[in-house]
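Work through the exercises below with the structure in view. Each task is followed by a solution in steps.

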Amino acid sequence: MSHFIFNPFPDLTSERLRLRRLRAEDSKALYALRSSDEVNKYIYREKPSSETIVLEFIGKVNQSIAANEVIYWAVTLSKMDVLIGTICLWNIEKTLLRAEIGFELLSEFHGKGIMTEALGCVLKYGFTNLPLQIIEAWTHPANEASLSLLYKYGFIRDTQAEMRVAGDDELQDMIILSRSSDDYIKSSSKVTKV
Ligand SMILES: CC(C)(COP(=O)(O)OP(=O)(O)OC[C@H]1O[C@@H](n2cnc3c(N)ncnc32)[C@H](O)[C@@H]1OP(=O)(O)O)[C@@H](O)C(=O)NCCC(=O)NCCS
């Protein structure tokens with residue numbers, strides 16, 4: 001359990017991206033992201049009513065990171081330190097070594113391979129720096145972009161996980177896909193080539 005320590009904050013970098021801690025200055029971009037109809041099309045959550053609510057959200061996220069409960073990154077382009085998306089590992093079950101992944105990107109950046117790069121970084125971090133054995137993703141079956149991204153990294157439909165949470169209101173019409181660390185380590189040379 002002591003392996004889930006997010007201090008110092010784990011900045012991650014890839015060819016075009018820097019994944020870093022959320023800051024108060026991100027509230028405008030994060031408000032745009034979380035209130036976008038296109039981004040929210042398959043995400044069931046309440047839209048923030050103001051930037052102030054988003055600022056509070058940033059504070060709560062950073063508190064949860066300080067408590068080693070979740071790890072949540074702002075996705076930024078390394079040449080331009082502005083938030084364009086987010087990616088996180090949350091619902092971390094430290095005894096079961098399982099976590100859920102979440103990701104979202106401003107629509108003007110869709111389809112450029114950005115989340116492919118970000119997800120590659122986070123899977124590597126989750127399976128090599130953290131002792132995670134399973135990373136799950138809950139997604140809507142019509143969310144083709146999310147599914148393509150997850151399939152690309154070897155996630156597969158996990159009906160056992162779906163049975164585990166059957167009846168949970170939050171599942172609604174979502175499906176669950178998962179990826180295991182064993183399987184990641186076997187094929188990591190293939191998935192890191194993005
Ligand atoms: C899901 C999301 C993060 C994908 O990010 P992205 O940076 O646009 O994805 P990428 O460009 O890296 O593409 C990943 C793969 O998905 C495919 N893809 C991207 N958009 C697609 C779309 N609209 N329809 C079908 N496939 C799509 C790409 O072709 C790529 O596969 P390939 O490399 O085999 O060609 C982005 O669409 C998004 O933010 N959606 C709204 C939020 C959301 O639904 N989050 C997921 C919740 S589970």
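**Exercise 1. Find the element that gives the most to the shell around the ligand.**

Step 1. With six residues, α5 gives the most to this shell; helices (H or I, at least four residues) and strands (E, at least two) are DSSP runs numbered from the N terminus.
Step 2. The model is predicted, so local features need pLDDT of at least 70 and side-chain atom pairs pLDDT 80 or more, while totals for chains, interfaces and linings use all residues. Residues are numbered from 1 along each chain as its sequence is written, and side-chain values use heavy atoms, without hydrogens and water.
Step 3. By class, the shell holds nine nonpolar, eight polar and four charged residues. Ala, Val, Leu, Ile, Met, Phe, Trp, Tyr, Cys and Pro count as nonpolar, Asp, Glu, Lys and Arg as charged, and the others, Gly among them, as polar.

**Exercise 2. List the residues that come nearest to the ligand and the polar atoms close to its oxygen atoms.**

Step 1. There are 21 residues around the ligand (a heavy atom within 4 Å); G111, G113, T116, N143 and K152 come nearest.
Step 2. Take the polar contacts (N or O atoms within 3.5 Å). A polar side-chain atom of K152 is 2.6 Å from a ligand oxygen. For an N or O atom in the side chain of N143, the distance to an oxygen atom of the ligand is 2.8 Å. M115 has a polar backbone atom 2.9 Å from an oxygen atom of the ligand.
Step 3. The ligand has 930 Å² of accessible area on its own, and the protein covers 72% of that (Shrake-Rupley method, 1.4 Å probe).

**Exercise 3. Describe the lining of the largest pocket.**

Step 1. A pocket is an open set of points on a 1 Å grid over the protein atoms alone, where a 1.4 Å probe fits, with protein on both sides within 12 Å along at least five of seven lines; lining residues have an atom within 4 Å of a point.
Step 2. The largest pocket has about 1,400 Å³ of space (the volume filled by probe spheres set on the points, which are joined across faces, edges and corners). Of its 47 lining residues, I43, R45, G102, F103 and E104 are the closest to its centre.
Step 3. The lining has 22 nonpolar, 14 polar and eleven charged residues.

**Exercise 4. Where is the cis peptide bond?**

Step 1. The cis bond joins N7 and P8, with omega about 5°.
Step 2. P8 is found in the segment before β1 (12-13).

Notes: Polar contact = N/O pair within 3.5 Å; in protein donor to acceptor, adjacent residues only side chain to side chain.
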